[in-house]
Amino acid sequence: MKKNINIAASILSADFSKLGKEVYEVDKAGCDMIHIDVMDGSFVPNITIGPSVISKIRPFSKKPFDVHLMINDPARHIDDFVAAGADLITIHYEADKHPIRTLDYIRSKGVKAGIAINPATPPTVLESLLDYCDLILIMLVNPGFGGQKTIPSQIEKLKVLSKMLKKHNKQIFLEVDGGVNPKNIKTLINSGANLI
Ligand code: ZN
């Protein structure tokens, strides 16, 4: 079976002192999207970049910016990330008391909306959100740092979600994030991931 797989290159491991150039280079290397990890030092231990940096690197690529918000109460900042040039904004289920409202708001701005879940969150919580999102992101590691090893139980979760999407006839992105490497990429694709 032929599968349509998209690659989102993460800039988390880039040299932040020349981020624009690095974004340009991963774009030219052939990725489909640029994956940008935003961390607030509260929802996750680490702090990365915010909307002002994203707006500065926006001119370095015409490819979609896939912005992954690992921040508490993301609704407060949606306007800023839209203005910075995000094409897709993913919020965390665990970080938002009213995810449907926020997903709706993201879409109302003409931007695609995604929902992410941490390794300890069961996949079933997403069933009531399927009508409101264009992307589901499964964290294969506990978010906060790059370079971690995938937690094996998350592969099972990926399969459950893939089945759930088929059952509801939803053709949306099923993205995996954290510890993806040339060794496990085949397993992830065979388990249902279509955005890596
Ligand atoms: Zn991410």
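Okay, helix H5 and what it buries: Gln154, Ile155, Lys157, Leu158, Leu161, Ser162, Met164 and Leu165 are the buried residues there. Keep in mind that this is a predicted model. What sits over those residues includes strands E5 (112–117), E6 (135–139) and E7 (173–177), along with helix H6 (185–190). As for length, 15 residues at 1.5 Å each should span 21 Å, and the end C-alpha atoms of H5 come out 22 Å apart, so that agrees. After H5 comes Asn169, with a positive phi near 55 degrees.

Now the core. The largest nonpolar one has 48 residues, and Ile11, Ile36, Ile54, Val67, Leu69 and Ile136 have the most contacts inside it. H5, residues 153–167, is the top contributor to this core, with five residues. Apart from it there's another core, of 10 residues, including Leu88, Met139, Val141 and Phe173. And what does Ile54 touch? Leaving out residues up to four places away in sequence, Ile54 touches Ile36, Val38, Ile49, Phe65, Val67, Phe81 and Ala84.

Right, on to the metal. The zinc ion is coordinated by His35 through NE2, Asp37 through OD, His68 through ND1 and Asp177 through OD, at 1.9 to 2.2 Å. Why call the arrangement irregular? Because the angles between the four donor atoms run from 92 to 154 degrees, and tetrahedral would need all of them between 85 and 135. Asp37 is in strand E2 (33–39) and His68 in strand E3 (65–70), so that pair ties together parts 31 residues apart in sequence. Asp37 counts as buried at 6% relative accessibility, and His68 counts as buried too, at 0%.

Terms used:
Residues numbered from 1 in each chain as written. Predicted model: local features only at pLDDT ≥ 70, side-chain atom pairs only at ≥ 80, totals over all residues. Heavy atoms only, no water. Core = buried A, V, L, I, M, F, W, Y, C linked by side-chain atoms within 4.5 Å. Buried < 20%, exposed > 50% of the residue type's maximum accessible area, 1.4 Å probe, protein only. Helix = DSSP H or I, 4+ residues; strand = E, 2+ residues; numbered from the N terminus. Contact = heavy atoms within 4.5 Å. Expected span 1.5 Å × (residues − 1). Donors = N, O, S within 2.8 Å, 3.2 Å for Na, K, Ca; no water. Tetrahedral: all angles 85-135°; square planar, octahedral: opposite > 155°, others 65-115°.
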